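Colleague: I'm new to this one, so could you take me through a single part of it up close? I'd like to hear about the space enclosed inside and the rings around the chain.

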Amino acid sequence: MRKTKMFNEEYVTINGVEHYLLHYKTKKEAPVLIFIHGGPGQSEAMIAYIVEEYTSRNYNIVYYDQRGAGKTYLKNKKARPDTEILKEDLLGIVLYVKKAYQNEKVGLIGHSWGSVLGSMFALEHPEHTLCYIGCGQVIDLMENERVGYNKLKDAIEKSGNKKDRKKLERIGEYPVATFDAATYRKMGKIRGLQGKYHLAAKFDKNMIRMFRKSPIMGMADIFPFIASMVVNMQVMKELMSFDLKSKGVEYQVPVYYVLGENDQQTPIEISIAYFNEIEAPDKKLYLIKNAGHVAMIDNLNDYRAAICEIVDCL
């Protein structure tokens, strides 16, 4: 285990796989949150230092790399994830963190794909869940892709950019019901165009700089991002048919959504419509101004303020 003043790292064996955990601790008695990253297969531990290194943080937080992602993948390259095993892994992580922090329950922050795991866990395991916080919340992926595609098409038409119009035309039918490597490549091209028109997260020079400055980033950590498409293919197949509405709207734990007001990668109108139907002991919607799918980077101060306010209510 490597320790610094701001964080510490460790590997914990869950379901036969060595999982990487990154801890940012404050007061021992403060609530503990677990951050569930997106992708599938895209660790966000690399940017945790940007989000979590501030003196007024009123919570402890644990980031972990899922099976098939980040440093966990580097330790277990033969381990291939699917949704059910990732759910089992998350349960193991929760039980470990509860014991390590001596807490009866932990809060969950689910971002993008992580919001799928987080929502299902909150619904299925309220006995372990202090609250659920959804960011870049996925409700129905096919509906997300249809809405996002149409908004991209409109943006390109309004721009008058003929080259981008031809790029979109060459992609062909989208989204499609079946999922394979060709569909994954189409999605990547759509995301690239959406990023250009500020409709989705953009992997640009600024993101690369953030990764390079990360205190936990090394050369070897680049490889899992490259390999994630192949490694997480089964998870993506299952995600394409995911519909949170079919899981119900009755939560036995407080539910909070922290959404970038400009997010069209997981269109906020879809997330808000579902949120309005939720029945929970407490719930509140936070719209983060001037932010898209990665609200914690786009508007760091307002994101932090929202999380701290939520924790104060627990």
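**The cavity and the rings**

Modeller: Let's start inside: the largest cavity holds about 30 Å³ of space. Keep in mind that this is a predicted model. If you go looking for cavities of 30 Å³ or more, you'll find one in the structure. So what lines the largest cavity? Walk around its wall and you meet Phe 35, Glu 44, Ile 47, Val 51, Tyr 63, Met 296 and Tyr 303. By type, that lining has six nonpolar residues and one charged residue, with no polar ones. Glu 44 is the charged one, as Glu counts as charged.

Now for the rings. The structure has eight aromatic pairs. One of them joins Tyr 149 and Tyr 174, with 6.0 Å from centre to centre and 40° between the planes. That pair is tilted, because an angle under 30 degrees would make it stacked and one over 60 would make it edge-to-face. Which parts of the chain does the pair link? Tyr 149 belongs to helix 5 (residues 141-159), while Tyr 174 is in the loop between helix 6 (162-171) and helix 7 (181-196). The two are 25 residues apart, so the pair counts as linking distant parts of the chain. Both Tyr 149 and Tyr 174 are buried.

Some rings have a charge for company instead. Over the ring of Tyr 59 sits the charged end of Arg 57, 5.8 Å from the ring's centre. Tyr 20 has the charged end of Lys 71 over its ring, 5.6 Å from the centre.

How values were computed. Residues numbered from 1 in each chain as written. Predicted model: local features only at pLDDT ≥ 70, side-chain atom pairs only at ≥ 80, totals over all residues. Heavy atoms only, no water. Phe/Tyr/Trp six-rings, centres within 6.5 Å; stacked < 30°, edge-to-face > 60°. Helix = DSSP H or I, 4+ residues; strand = E, 2+ residues; numbered from the N terminus. Buried < 20%, exposed > 50% of the residue type's maximum accessible area, 1.4 Å probe, protein only. Lys NZ or Arg CZ within 6 Å of the ring centre and 35° of its normal. 1 Å grid on protein atoms, 1.4 Å probe; cavity = no way out; pocket = protein on both sides within 12 Å on 5 of 7 lines; lining within 4 Å. Points joined across faces, edges and corners; volume = space filled by probe spheres on them.
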